[in-house]
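Let's take a look together at a ligand and the place where it sits. Here are the sequence and the structure to follow along with.

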Amino acid sequence: MPAAVLTVNLSAIAANWRSLDAMTANAVETAAVIKANAYGLGVGPVGLALINAGARTFFVALAAEGVRLRQEIGPAARIFVFSGYMRGDEAAFVEADLIPLLNSADQVLHFLAKAAGAACGLQLNSGMNRLGMEAEELASVVEHLPALNTVLVMSHLACADEPEHPQNAAQLAAFNEMTATLDTARSFAATGGVLLGAGYHMELTRPGIGLYGGAPFVEAQPVVTLSLPVIQTRDVVIGESVGYGATWVATRPSRIATVAGGYADGLIRAMGSNAALYAGDVACPIVGRISMDLVTVDVTDLANIPSALDIINTVQTVDVLAEAAGTIGYEILTSLGGRYERRYTES
Ligand SMILES: *Cc1c(COP(=O)(O)O)cnc(C)c1O
């Protein structure tokens, strides 16, 4: 059987990076966040496409992701690690030439003890209360700052996808105050922050989701298509049910297609009949429960049943599918399963 095919449009990723880059002044560097295997799309092809587009700085969540990325893209880019300088990762930072974003006084001291002289970044907490040092913690290590080779100081916005949220301005003020006496390049904006405007751009932006075509960058080019092969079709009569729990019952003579893909592949069970599969641009409703490996679809109204049906396309985008599942595009992307054949196109 042909595999389910996840098609990743690398040209669209490059175009999205260029669009986000064009939203900031020329002097502002646009980096790229490719943590979690480039949001599930494949860190090797995505990393190389972004290098070709002009990206020179990358961010990952974990040192192990940085090691993998370094193998894929070679020496010609900076790789920052959001989790900072965690114990056990010391060798990885040296081997793969990674830059930790130190997020506590403890990490600062440990880094100075093990890797003084190597480049590092500082991660500050401006109000999200997830990672980073508060003003007081930063002050507690201020005597050590001259010994550090600090190349970036960063913080992260909690509400950047809600432009009117008062926390955006509050965090901006807090970050500006904490960095006022530091003579280091600053980074504050992820995708949402880029869209908030120049005051949030600082010296380096670090978009992630926007590169992959997701909200809040609504003008992004779509990146992902997901096509699921039809395994079997059958006709059911009025009163017959389909799938676990017999939750869907035919109210007309119906033709049901069973396709290869299920919640084990990241097709979230909760989206159920809120989502559809597409034959070209014709929507065919999902009927019955999504199971581990299979989805059942009402294709009664199709004249011809294609060999595969699409669940992510330009109509039912990652964000539309997320809405159907009660989640966000980030989770749809990073849940995309390992059983799909990933195909990379440059359109
Ligand atoms: C994931 C992440 C980003 C990228 O955010 P997007 O919303 O995907 O653009 C930037 N900075 C930090 C600290 C992150 O964790």
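## Around the ligand

In this predicted model, 14 residues surround the ligand, and those that come nearest are Lys35, Tyr39, Thr191, Ile209 and Tyr330. Sorted by class, this shell holds eight nonpolar residues, along with three polar and three charged ones.

## Polar contacts

Three side chains are worth a closer look here. Lys35 places a polar side-chain atom 2.7 Å from an oxygen atom of the ligand. Nitrogen atoms of the ligand have partners too: a polar side-chain atom of Arg206 lies 2.9 Å from one, and for His156 the distance from a polar side-chain atom to a ligand nitrogen is 3.4 Å.

How much of the ligand's accessible area does the protein cover? On its own the ligand has 390 Å² of accessible area, and 91% of that is covered by the protein.

## The pocket

The ligand takes up the space of the largest pocket, which has a volume of about 760 Å³. Its lining counts 40 residues, and Lys35, His156, Leu157, Ala190 and Tyr330 are the closest to the pocket centre. By class, the lining of this pocket is made up of 21 nonpolar, 13 polar and six charged residues.

Which helices supply at least two residues each to this lining? They are helix 2 (35-39), helix 9 (191-196) and helix 11 (329-335). Helix 11 gives the most, with four residues.

How values were computed. Residues are numbered from 1 along each chain as its sequence is written. This is a predicted model: local features need pLDDT of at least 70, side-chain atom pairs count only at pLDDT 80 or more; totals for chains, interfaces and linings use all residues. Side-chain values use heavy atoms; hydrogens and water are left out. A residue is near a molecule or strand if one of its heavy atoms lies within 4 Å of it. A polar contact is a pair of N or O atoms within 3.5 Å; within protein, one must be able to donate a hydrogen and the other to accept it, and residues adjacent in sequence count only if both atoms are side-chain atoms. Accessible areas come from the Shrake-Rupley method with a 1.4 Å probe; for residues, only the protein chains shown count as cover. On a 1 Å grid over the protein atoms alone, a cavity is a set of points where a 1.4 Å probe fits but cannot get out, and a pocket is an open set with protein on both sides within 12 Å along at least five of seven lines; lining residues have an atom within 4 Å of a point. A molecule sits in a cavity or pocket if more than half of its atoms lie within 2 Å of its grid points. Ala, Val, Leu, Ile, Met, Phe, Trp, Tyr, Cys and Pro count as nonpolar, Asp, Glu, Lys and Arg as charged, and the others, Gly among them, as polar. Grid points are joined across faces, edges and corners, and a volume is the space filled by probe spheres set on the points.
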